[in-house]
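Please take a first look at the structure shown below. A short report on its main features follows.

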Amino acid sequence: MPDALAVRNLQKRYGAVHALRGVDLTVGEGELVGLLGPNGAGKSTLVKIAAGLVRATSGEARVAGARAGSRPARAALGYLAELFRFPGWYTADELLLLHQRLAGSTGGAAERARLLELVALTDARNRRVDAMSKGMAQRLGIAQALVGEPKLLLLDEPTSALDPVGRRTVRLLLEELRGRGVSVLLNSHLLSEIELVCDRVVILLGGDVVTAGAPHELARPRGVELETDAGVQTIAGATREDAPRLVAEAVAAGRRVYGVRVLTSTLEEVYLEAVGGETD
Amino acid sequence: MRPISAVWVIAGYGFREAVRRKMFAVVLILTLLFLLLYWLANHFVFSQLSGITPPADVNVDTRTFAGAFLTGLAMFATLFLGVVLAVFLTLGVVGGDAERGLLQPLVVRPVGRTTLLLARFLGAAGVVVAYVLLVYFATVVITGLTGHWWPDRVAWPGIELAGAAVEVVALSLLGSVVLASTANGIAVFMLFGAGLVAGLLGTIGHALNSHSVKTASTIASYALPFEGLYQDALRMITENASGLTGFLLQLGPFGGAYVHGWGIRVWSAGYLVVVLAVAAAIFNRKSL
């Protein structure tokens with residue numbers, strides 16, 4: 001079974017600007033990979049090459065084993081652009097019907113109803129796009145990307161216009177999709193979101209992959225926090241394995257232990273370390 | 001999805017987009033206004049025709065002259081309105097829609113960019129052809145019923161006029177692949193204007209028998225074949241006019257073509273195919 005997305009030594013140059021400098025990346029079946037990096041790091045370029053919207057200068061990108069941009073590759077993916085718009089006169093149902101026809105989906109009305117329910121837009125089935133809030137349109141965009149049951153979902157900032165409830169809806173949706181074996185490449189600036197849902201994180205900087213791995217692998221130990229009747233004490237340098245010993249020592253010293261917490265760096269700290277504090 | 005089915009789906013998408021634009025309603029209102037004014041012009045011209053008496057030694061068929069002049073004027077207006085429609089339906093199909101984020105969700109579908117572009121062409125061309133034929137035949141009927149004058153050939157001029165508008169659809173589509181919407185609209189209208197000027201120059205060149213002006217006009221007719229088709233359509237409405245009447249009509253401004261017949265029709269068809277092929281080739285390589 002080929003990877004949902006396999007990128008090898010991918011390079012993209014816009015004139016003198018190197019948007020990608022030999023990126024390697026894979027998204028396995030049912031895997032949810034988060035793409036992070038400051039603006040201009042090459043994230044959107046990478047997603048657009050995978051979607052067949054931009055041609056790579058060199059290297060290779062394959063979607064479900066097919067060359068990115070080819071008909072089989074496009075048939076295997078769903079895509080939501082960072083900046084997208086749908087014709088305002090379409091209702092939610094009509095828009096999904098259009099995309100079903102273009103994707104060759106045979107799901108019919110049942111698929112449309114299921115997708116609208118998935119993004120909590122069942123009540124807006126007959127509402128026109130131009131009468132929708134930005135968040136509703138964004139959720140409709142996700143439903144549109146899911147038409148035809150794609151193997152790979154490419155989401156470019158899918159929660160940028162959503163309120164906390166909408167973001168939670170999307171997060172739960174992503175977890176459900178992972179459960180169904182759909183692979184997702186999620187490009188987002190929301191680190192907390194990536195940390196919560198992604199199996200792996202890839203951090204790009206200046207067109208290069210600077211860090212990659214599971215969030216818990218990337219996190220560094222920062223010590224152990226012990227809460228006793230003498231107050232909260234942080235033992236720097238201690239690890240998870242040290243926790244039982246530290247509790248035993250405190251009890252032996254006559255302290256009443258109320259809690260113990262292993263401290264690790266957050267994804268935000270990992271990210272800032274990887275990009276060197278670089279911002280836009 | 002089979003490409004043929006995809007073509008209809010996207011052509012239907014383009015058609016719905018076209019008829020929902022305010023511009024479409026504006027063109028329809030302007031067209032109705034134009035047809036009303038055109039009927040009034042015919043009514044007054046032909047009702048006063050009996051009062052126009054050319055000098056005894058000048059043998060001019062005033063009914064043919066008036067009918068052909070008015071029909072020529074209507075054909076110019078029809079082509080102009082058809083071009084306005086063609087440009088506004090296609091000026092942002094690629095560049096404009098990509099900037100607004102409307103194009104990307106369609107392009108990533110398995111239909112293919114060439115199919116997408118061809119479908120948008122067919123959608124716009126269908127609307128423009130229907131519009132031009134409707135207005136052209138309406139003006140012919142108005143002149144025929146009001147002034148009892150009918151063109152020497154009725155169907156072919158309409159078909160050529162519609163063909164001229166389709167050439168503009170293709171040029172505007174090509175422009176939309178390489179230019180932003182506003183720049184494309186300006187460029188296509190400038191080409192249209194250049195074509196009309198070249199046609200008028202050709203008429204002047206033939207009246208003055210200037211070889212260089214005639215050559216320049218001929219080159220322009222082939223470079224911008226919508227002009228050649230329009231001129232040929234004008235030629236055919238008075239194809240059988242002869243003598244002084246025919247000579248005066250040839251002097252224009254709605255005179256006959258000097259590049260005409262199957263040569264320009266075949267050339268126009270080939271030109272259309274090449275323009276669309278170039279547009280598709282560029283679109284297939286374009287980053288979105």
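How much of chain A, with its 280 residues, counts as buried? The share is 42%. Keep in mind that this is a predicted model.

## Chain A at a glance

Chain A holds 10 helices and 13 strands. Its C-alpha trace spans about 70 × 50 × 35 Å along the principal axes. Contacts in chain A that link residues 6 or more positions apart can be sorted by separation. Of these, 67% join residues 24 or more positions apart.

## The sheet of four strands

One open sheet in chain A has 4 strands, in the order 2-1-4-5, and the pairing is antiparallel. Strand 2 (17-27) and strand 5 (66-67) of chain A form the edges. Each of these has a single partner strand, so one side of each lacks a neighbour in the sheet.

Strand 4 of chain A covers residues 58-63, and 2 bridges tie this strand to strand 5 of chain A. Within that pair, Val63(A) faces Ala66(A).

Which helix packs on this sheet? It is helix 1 of chain A, residues 43-51. Helix 1 of chain A touches strand 1 (5-14), strand 2 and strand 4 of chain A. Its direction makes about 115° with that of strand 1 of chain A.

Before helix 1 of chain A comes a loop that starts from strand 3 (32-36) of chain A, and Asn39(A) sits in this loop. Is Asn39(A) buried or exposed? Asn39(A) has 10 other C-beta atoms within 10 Å, so it counts as exposed. Asn39(A) and Leu116(A) lie 77 residues apart in sequence, and their C-alpha atoms are 32 Å apart in space.

## The sheet of three strands

A second open sheet in chain A has 3 strands. Their order is 12-11-13, again with antiparallel pairing. Strand 12 (231-235) and strand 13 (257-264) of chain A are the edge strands, and each pairs on one side only. From one strand to the next, the twist averages 15°.

Strand 11 of chain A, residues 221-228, pairs with strand 12 of chain A over 5 bridges. One partnership there joins Glu225(A) to Thr234(A) in strand 12 of chain A. Helix 9 of chain A, residues 243-252, lies across strand 11, strand 12 and strand 13 of chain A. Helix 9 of chain A runs at about 150° to strand 13 of chain A.

## A hairpin, and three strand pairs side by side

Strand 9 and strand 10 of chain A form a hairpin with 2 residues between the strands. Here Gly206(A) takes a positive phi near 55°. Leu205(A) stands opposite Asp208(A) in strand 10 of chain A.

The table sets out three antiparallel pairs in chain A.

| Strand pair | Bridges |
|---|---|
| Strand 4 and strand 5 of chain A | 2 bridges |
| Strand 9 (200-205) and strand 10 (208-213) of chain A | 5 bridges |
| Strand 11 and strand 12 of chain A | 5 bridges |

## Where the chains meet

How many residues of chain A are in contact with chain B? There are 23, and they meet 22 residues of chain B. Three elements of chain A give two or more residues to this side: helix 2 (71-75), strand 6 (77-80) and helix 3 (92-103). Helix 3 of chain A gives the most, with 5 residues. By class, the side of chain A that touches chain B has 14 nonpolar, 4 polar and 5 charged residues.

## The nonpolar core

The largest nonpolar core has 155 residues. Those with the most contacts inside it are Ala50(A), Val128(B), Ala165(B), Val168(B) and Val169(B). Helix 6 of chain B, residues 113-147, supplies the largest share of this core, 16 residues.

Consider Ala50(A). Leaving aside residues up to four places away in sequence, Ala50(A) touches Leu5(A), Ala61(A), Val63(A), Ala68(A), Leu154(A) and Leu185(A).

## Two helices of chain B

Helix 6 of chain B also packs against helix 7 of chain B, residues 155-178. The angle is about 150°, and the axes are 9 Å apart. The crossing is right-handed. Val128(B) is among the residues of helix 6 of chain B that meet helix 7 of chain B. On the helix 7 side of chain B, the residues include Ala165(B) and Val169(B). This contact divides into 17 nonpolar, 1 polar and 1 charged residues.

Terms used: Residues are numbered from 1 along each chain as its sequence is written. Chains are lettered from A and ligands numbered from 1 in the order in which they are written. This is a predicted model: local features need pLDDT of at least 70, side-chain atom pairs count only at pLDDT 80 or more; totals for chains, interfaces and linings use all residues. Two residues are in contact if their C-beta atoms, placed from the backbone, lie within 7 Å. Ala, Val, Leu, Ile, Met, Phe, Trp, Tyr, Cys and Pro count as nonpolar, Asp, Glu, Lys and Arg as charged, and the others, Gly among them, as polar. Two strands pair if DSSP finds at least two bridges between them. Axes are lines fitted to C-alpha atoms, for helices over the stretch in contact, and angles run from 0 to 180 degrees between N-to-C directions. A nonpolar core is a set of buried Ala, Val, Leu, Ile, Met, Phe, Trp, Tyr and Cys residues joined through C-beta atoms within 7 Å. A residue is buried if 20 or more other C-beta atoms lie within 10 Å of its own, exposed if 12 or fewer, and partly exposed in between; C-beta atoms are placed from the backbone. A crossing is left-handed if the near helix is turned anticlockwise from the far one by less than a right angle, and right-handed if clockwise.
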